[in-house]
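I opened my notebook to record what I could look up in this structure. I kept each entry short.

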Amino acid sequence: MGKFNLVVTILSLLAISQAVRHGLDIPKGPYCSKVGCCDSRQDECSAPLLDTLCYCDEFCDRDVSEDCCPDFWTVCRHELPPPPDPAPIKTCHHDGNYYLKGKEVKFNCNICKCEEVNGRMEMLCDQNECIINTDIMSSVNQLSYGWTASNHSEFWGRTLNDGIRLRLGTFEPHRFVLNMNPVKKIYSLDSIPKTFDADDVWPGKITRVQDQGWCGSSWAISTAAVASDRFAIISRGLEEPHLSAQHLLSCNNRGQQSCNGGYLDKAWMFLKKFGVVNEECLPYTGSTGKCGIPVNGNLLTARCIPPENKYRKDYYRTAPAYRLGNETDIMFEIMKSGPVQATMKVFQDFYMYKGGIYKNTHLGESHRTGYHSVRIVGWGEESTYTGHKKFWKVANSWGHMWGENGYFKIERGINECEIESFVLAAWPRIADKSNNKHRKQNP
Ligand SMILES: *[C@@H]1O[C@H](CO)[C@@H](O)[C@H](O)[C@H]1NC(C)=O
Ligand SMILES: *[C@@H]1O[C@H](CO)[C@@H](O)[C@H](O)[C@H]1NC(C)=O
């Protein structure tokens, strides 16, 4: 029995010692810091405990020692204190990569930063919707919508907000403009071919696809391009100006907002009333710029290079714009007089269009849209495994790298994206001999 008791006592003493070593049942506190350690220590802190010299010293020989005497290592152990543990390296894990604390990385259009939040490392990101959305892109390409999507590199890294603000730029027409009656056309439906492409019918006369840059100027670019095409086609080559969209952007200020957008009816009004110079005289810069062209001047006073047509002195003007009411009217108009201008509602998936016949997929979480104006140059039909489809061939103003060499096809006859709702065209005022005589008679 006695032997057994002794064993129990030794075991419990060992247990206490272990507990002390691990600081388990002795609460933390500044035990020795006031009086120093070891040397002729005569205080309650130095009371021997089990096999130690003093309680404090043994207590201090632990990993956690912030509450111990500062001289423990040098006085009691006669050695230097171990170097403090290096702080753990703080990193965030994101998308399969590690980032150091404070590091900023751009993911598409959002900037993310590795930060410490409530003791945890987290990658905090902006929450912008980007123009290019990889989920939409892969859905479009995996399912059969009839068109394909791609990562247009100029749009990568930009917000959808920027896309709407700076890649479109046409204001929705006012109601009174929308109420404008379309012109009535008389023709036989048989006279309209199944396919038509202005580029093939009038080679060299159709304005090339332009790039508006990050400037909401589609209103100016589409107006100038449609007018240019019609000068070349209707004058039968007598006048083939490339009209200056910049002239509209810089000088058509009333009610218009330059790179922040404009109304088409106001742009055509400007072309009717004042006219514009040619591109060489005032090239496109993609920014608002100052209007350096006198409003009531002519090509000479504006110091433009004199055009080849000797009858041309005034700026290039058009007759009032008119509206086309339905699919076949639009086709007949293009066939007879050249490309027309259309307004369309742009959804997020459209920015990623690469080829095929576009139709809005309603993919994506953002339902933000904007209005854009484009130039319809032709039409056609196609039979694919998704069915028989009619389409418009349309020139966009996002450069040659976007879509099908800058063009896109969009379903025809169903007012897709409202593209058949507000279609405009105008007749050019060609400067010729008769025109000049007419002027002299009626100054
Ligand atoms: C998209 O294109 C940009 C620029 O070419 C590239 O940096 C980016 O990684 C591409 N994104 C995807 C998802 O392919
Ligand atoms: C479009 O309107 C014209 C009248 O301007 C009409 O003759 C024609 O049949 C209409 N076409 C369609 C497809 O409704």
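These entries go from the whole protein to its disulfides, its two ligands and one strand residue.

**Entry: the whole protein**

I noted at the start that this is a predicted model. I looked up the length and found 443 residues, of which 47% count as buried. Next I looked up the secondary structure. The protein has 12 helices and 14 strands.

I then turned to the outer surface. The protein exposes about 23700 Å². Carbon and sulfur atoms supply 53% of that area.

What share of the contacts with a separation of 6 or more comes from residues 24 or more positions apart? I found 69%.

**Entry: disulfides**

I reminded myself of the chemistry: a disulfide is a covalent bond between the sulfur atoms of two cysteines. How many disulfides does the structure hold? I found 6. I looked up details for some of them.

**Entry: Cys215 and Cys259**

Cys215 and Cys259 form a disulfide, and I read 2.0 Å between their sulfur atoms. The pair links distant parts of the chain, 44 residues apart. Cys215 is in the loop between α7 (198–201) and α8 (218–234). Cys259 is in the loop between α9 (245–251) and α10 (264–273).

I also checked the twist. The angle about the S-S bond is -90°, and the link of Cys215 and Cys259 is left-handed. Are Cys215 and Cys259 buried or exposed? Both are buried.

**Entry: Cys251 and Cys291**

I moved on to Cys251 and Cys291, which form a disulfide with their sulfur atoms 2.0 Å apart. The angle about the S-S bond is 95°, and this link is right-handed. Cys251 lies in helix α9 and Cys291 in the loop between α10 and β8 (322–324), so this disulfide ties together parts that are 40 residues apart in sequence.

I checked the burial of each partner. Cys251 has 11% relative accessibility, so I entered Cys251 as buried. A residue counts as buried under 20% relative accessible area. Cys291 has a relative accessible area of 32%, so I entered Cys291 as partly exposed.

**Entry: Cys281 and Cys304**

Cys281 and Cys304 form a disulfide too, with sulfur atoms 1.8 Å apart. I read -70° about the S-S bond, and the link is left-handed. Where do the two partners sit? Cys281 is in the loop between α10 and β8, and Cys304 is also in the loop between α10 and β8. They are 23 residues apart.

I looked up burial for Cys304. Its relative accessible area is 6%, so Cys304 is buried. I added one further cysteine to the page: Cys417 is buried, with a relative accessible area of 7%.

**Entry: ligand 1**

Which residues surround ligand 1? I listed Thr134, Asn151, Ser153 and Trp156. The protein covers 46% of the 360 Å² of accessible area that ligand 1 has on its own.

I sorted the shell around ligand 1 by class. It has 1 nonpolar and 3 polar residues, and no charged ones. I also looked up a distance for Asn151. A polar atom of the Asn151 side chain lies 2.4 Å from an oxygen atom of ligand 1.

**Entry: ligand 2**

I did the lookup again for ligand 2. Lys185, Asn326, Thr328 and Asp329 surround ligand 2. By class, this shell has 2 polar and 2 charged residues, and no nonpolar ones.

I wrote down three distances:

- A polar backbone atom of Lys185 is 3.4 Å from an oxygen atom of ligand 2.
- An N or O atom in the Thr328 side chain is 2.8 Å from a nitrogen atom of ligand 2.
- An N or O atom in the Asp329 side chain is 2.9 Å from an oxygen atom of ligand 2.

How much of ligand 2 does the protein bury? Taken alone, ligand 2 exposes 360 Å², and the protein buries 51% of that.

**Entry: Glu104**

My last lookup was Glu104. I found Glu104 in strand β3, which covers residues 104–107. Leaving out residues up to four places away in sequence, Glu104 touches Ile111, Cys112 and Lys113.

I also looked up the spacing to Met123. Glu104 and Met123 are 19 residues apart along the chain, and their C-alpha atoms are separated by 9.0 Å.

How values were computed:
Residues numbered from 1 in each chain as written. Chains lettered and ligands numbered in written order. Predicted model: local features only at pLDDT ≥ 70, side-chain atom pairs only at ≥ 80, totals over all residues. Heavy atoms only, no water. Near = heavy atom within 4 Å. Polar contact = N/O pair within 3.5 Å; in protein donor to acceptor, adjacent residues only side chain to side chain. Areas by Shrake-Rupley, 256 points an atom, 1.4 Å probe, with all protein chains shown as cover. Nonpolar A, V, L, I, M, F, W, Y, C, P; charged D, E, K, R; others polar. Helix = DSSP H or I, 4+ residues; strand = E, 2+ residues; numbered from the N terminus. Buried < 20%, exposed > 50% of the residue type's maximum accessible area, 1.4 Å probe, protein only. Contact = heavy atoms within 4.5 Å. Disulfide = S-S within 2.5 Å.
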